[in-house]
Amino acid sequence: MTQIRSLPRPAATILATAALLAAPAIRPAWSASPQQGPGNGNGSATGPSLPGTATAVRTDAPPVIDGVPDDAAWNAATPLTAFTQREPHDGRPASEPTELRILFDADAIYVAVWAWDSQAHAIVPGDAIRDYEVSDADAVIMVFDTYNDQQNGFVFGTTPAGIEYDGQVASQGGGGGFFLGGGMNSMRRFQAGAGGGFNKNWDGSWTVAATRDDEGWYAEFRIPFSTLRYGAENDTWGFNVSRRIRRLNEEDFWSAVPREFGLYRLDFAGQLAGVEPPFRRAATVTPYVLGSTVRDYTDPAQSAFGRDGEIGGEAKLQVTQGLTLDMTVNTDFAQVEVDDQQVNLTRFSLLFPEKRPFFLENAGFFAVGGGGADLFFSRRIGISGGHPVPIRGGGRLSGRAAGLNVGLLHILTGNNVPEGPENAYSVARIAKELPNRSRLGGLFVNRAGNLDGDYNRTFAVDGQLGIGDNLTLTSFAARTETPGLEGADHAWNFTAGWSSRSLRANATVREIGEHFNPEVGFVPRNGHRYMQFFVLHNIRPTRFFRELRPHISYYTYRSLRTGVESNFNESARLHIDNHWEWPSGMELHTGANYVTEGLYEPFTIRGTEVVVPEGSYSGWESQIVFFTDQSRSLSFNSRFNWGGFLSGSKRTSSADVTLRGGTRASATLRVAYNDVKLPEGDFTTTLAGVNLGYFFTPRVYIQSLVQYSDQIDTWSANVRFGWLNTAGTGLFLVYNEVQGIEDLTGPLGRSLYLKFTRQVNVFGG
């Protein structure tokens with residue numbers, strides 16, 4: 001490997017002391033230990049300091065992006081070297097030196113990273129696939145707060161494998177809400193980037209390369225200005241960088257962040273000065289061509305494979321530096337990965353995340369609610385009953401204008417059956433970001449069908465108030481209009497959250513009327529008042545464990561339904577638990593739950609003939625979760641629940657095992673098994689899946705997912721080959737197969753898709 005000699009390696013990490021931001025009295029100190037402040041290589045040795053300022057330097061000779069930062073241009077840039085630990089010893093200097101330099105020209109920002117490591121042989125590179133989970137590898141991640149509003153940002157990162165990792169931050173990464181129950185997992189959606197919080201599935205157009213040698217690893221980034229959105233009035237951006245040293249399970253920051261927060265708490269970011277972004281419009285088009293052969297064996301009219309060809313695409317225009325217009329025609333998502341199947345033994349719908357590229361950019365601007373009441377959920381558009389509905393076309397105008405976050409969306413869909421319904425979806429969202437994590441906004445959503453009287457509307461206002469660094473209050477109020485549903489069409493929510501060095505707490509009160517019906521949202525249940533609280537204490541032992549997290553939580557749904565006893569307890573859970581975390585990241589969770597389910601009508605469990613009569617059922621269950629260090633070549637993850645379930649008992653066991661072959665290959669086997677014994681009947685469910693992947697390069701891969709579920713009586717296979725270009729475009733070959741197991745014997749569906757899509761700069765790229 002080429003040795004990096006043009007810039008000398010520091011003899012040791014530059015030591016500096018700094019404290020928390022000199023701030024109003026409402027901002028308490030987050031650590032009593034000496035702190036190291038960010039800086040350009042000259043951190044203060046004594047006394048507190050404000051977040052540092054990084055300086056970008058203009059260059060007329062842009063560096064070659066090859067992962068070897070030895071170009072002469074880098075010598076002109078000011079080095080950033082003073083990194084501070086967030087984990088495991090927050091406030092202490094980083095254990096390994098890191099250096100970062102920033103350049104720019106008329107077209108792009110260039111960043112070079114020197115991630116030295118005294119044990120370079122122990123570097124964990126991770127899988128060589130785009131958007132790999134960087135917490136399981138060595139990594140460098142940057143966030144650019146281009147509006148300098150301390151709320152929203154663009155994220156770019158990489159690992160020693162040279163992958164592209166990117167996303168968008170909205171509302172400091174907290175847009176997913178806080179939710180403890182109700183048949184869905186809001187954090188699953190949050191991490192998958194379906195909208196709000198951190199939108200990981202957003203794919204920008206940029207370039208990165210990385211290399212390694214016996215002194216560490218190195219990376220070079222080129223981020224075009226056309227990929228970013230920014231305002232004309234901003235001569236300084238918010239900026240921060242984190243480095244993860246996975247063998248130590250260590251996370252270091254250029255601008256120090258308290259342990260209870262993370263990279264997306266942009267009010268702790270430093271500043272990036274010197275950048276002179278161009279003020280010009282840019283436009284790209286992304287056409288596609290698709291060939292397919294498909295057969296639905298459940299349709300008697302299909303006696304052979306049908307063959308089809310389609311063309312369509314998308315276009316993107318920067319109306320201003322902050323506003324982007326996206327347009328789509330004959331939209332297709334054949335290349336998008338299939339959903340992981342889930343076992344559902346509840347009365348309520350499960351949430352599957354949005355993964356379709358067109359709906360992902362600026363998705364956080366449209367998010368209102370979350371945690372059991374998403375007032376707009378784009379997956380309701382173009383999907384019906386789990387089957388795709390043709391999207392004829394539409395557009396989205398989103399971004400920043402006049403100091404406001406603006407989102408306008410209009411989509412037209414066809415039908416997937418003769419004489420089926422057609423719909424037009426319109427969404428309008430506006431929000432004003434205010435100081436200290438505060439926000440005020442409004443939302444309007446309309447679905448209009450092609451039949452008389454077929455419409456649904458949602459109106460909402462929402463707000464957030466940050467008090468100091470630790471306390472955040474959020475709220476929304478909404479109502480819907482649906483023909484035939486009168487009264488009780490309201491919803492409101494109030495949440496208070498506290499996060500400090502040793503304590504996390506959260507409390508919510510929410511009411512959803514019986515006729516509240518946001519058809520373009522996700523509300524798994526209505527007609528109730530929901531109340532919950534959560535308290536967690538962080539303990540840092542001096543030996544053996546890195547952290548203990550004892551906590552307690554409780555939630556309850558109290559019925560507001562007509563004909564049901566007032567305040568009837570539909571669902572409740574008291575949860576008492578402790579998380580035992582080792583320095584490697586291995587964890588054991590030991591807990592117990594007291595669960596109540598109230599049925600106001602008989603309930604038939606999905607996939608069975610078991611009918612549980614109405615009544616109230618309560619009981620204790622034990623819970624154990626154990627997982628090993630997920631960065632290892634062999635890792636294990638398991639969960640066990642045993643105890644009361646409805647009128648009887650249930651034993652749930654689930655586990656997955658992952659095997660990695662360096663950066664090029666990975667395989668995961670996962671199994672979930674339920675053994676249910678009820679007076680009304682016994683049954684079992686089994687869900688199994690195998691994920692296989694081989695990564696030729698970070699942009700060329702083949703992946704497969706095979707799933708078996710006896711609850712829905714099918715097994716399925718999905719195989720995807722991708723040869724990526726930029727921003728998620730490229731060549732894709734996708735095969736799908738669905739087979740019945742018992743009652744649904746034989747093939748149910750087969751399809752093969754070949755798709756090519758490419759992004760073309762029209763002007764200003």
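This is a short guided tour of the model, stop by stop, with residues to select in your viewer.

**Before you start**

The model is predicted, so local features are taken at pLDDT of at least 70 and side-chain atom pairs at pLDDT 80 or more, while totals for chains, interfaces and linings use all residues. Residues are numbered from 1 along each chain as its sequence is written, and side-chain values use heavy atoms, with hydrogens and water left out.

**Stop 1: a five-stranded sheet**

Start with strands β2, β4, β5, β11 and β10, which form an open, mixed sheet in that order. Strands here are DSSP runs of E with at least two residues, helices are runs of H or I with at least four, and both are numbered from the N terminus. Two strands pair if DSSP finds at least two bridges between them. Which strands stand at the edges? Select 57-58 for β2 and 207-213 for β10: each has a single partner strand, so one side of each is left without a neighbour in the sheet.

Now add β11, residues 216-224, which pairs with β10 in the antiparallel sense over seven bridges. In this pairing, Val 208 stands opposite Phe 221 of β11.

**Stop 2: an aromatic cluster**

Keep Phe 221 selected, since this residue also belongs to one aromatic cluster. To see the rest of the cluster, add Phe 144, Phe 154, Phe 156, Trp 202, Trp 206, Phe 225, Tyr 230, Trp 237, Phe 239 and Trp 254.

**Stop 3: from a cis proline to a salt bridge**

Next, select Glu 87 and Pro 88. The peptide bond between them is cis, with omega near 0°. Pro 88 lies in the loop between β3 (84-87) and β4 (98-104).

What does the side chain of Glu 87 meet? Its partner is Arg 546, in a salt bridge of 3.8 Å from N to O; a salt bridge is a side-chain nitrogen of Lys or Arg within 4 Å of a carboxyl oxygen of Asp or Glu. The two residues are 459 apart in the chain, with Glu 87 in strand β3 and Arg 546 in the loop between β28 and β29. Both Glu 87 and Arg 546 are buried (buried is under 20% relative accessible area, exposed over 50%, partly exposed in between, using a 1.4 Å probe and protein chains only).

Widen the selection to Arg 540, Glu 547, Arg 549, Glu 581 and Glu 587: salt bridges that share partners join these residues with Glu 87 and Arg 546 into one network.

**Stop 4: strands β28 and β29**

Stay in the loop between β28 (528-537) and β29 (547-559), and pick Phe 544. Phe 544 has a positive phi of about 75° although it is not a glycine. With 60% relative accessibility, Phe 544 counts as exposed.

Now look at aromatic pairs, of which the whole structure has 27. Rings of Phe, Tyr and Trp (its six-membered ring) pair if their centres lie within 6.5 Å; planes under 30 degrees apart are stacked, over 60 edge-to-face and the rest tilted. Select Tyr 530 and Tyr 557: their ring centres are 4.8 Å apart and their planes at 45°, so this pair is tilted. Tyr 530 belongs to strand β28 and Tyr 557 to strand β29, 27 residues apart. Are these two buried or exposed? Tyr 530 is buried at 0% relative accessibility, and Tyr 557 is buried at 3%.

Phe 533 and Tyr 554 form another tilted pair, 6.3 Å centre to centre with 35° between the planes. This pair links Phe 533 in β28 to Tyr 554 in β29, 21 residues apart. Phe 533 is partly exposed at 34%, and Tyr 554 is partly exposed at 26%.

**Stop 5: two charges over rings**

Select Arg 457 with Tyr 455: the charged end of the arginine sits over the ring, 4.3 Å from its centre. This label needs NZ of Lys or CZ of Arg within 6 Å of the ring centre and within 35 degrees of the ring normal. Then select Lys 755 with Tyr 288, where the charged end sits over the ring at 4.9 Å from its centre.

**Last stop: Ser 171**

Finish at Ser 171, in the loop between β8 (165-169) and α1 (186-192). Its phi is near 50°, a positive value in a residue other than glycine. Ser 171 counts as buried, at 16% relative accessibility.
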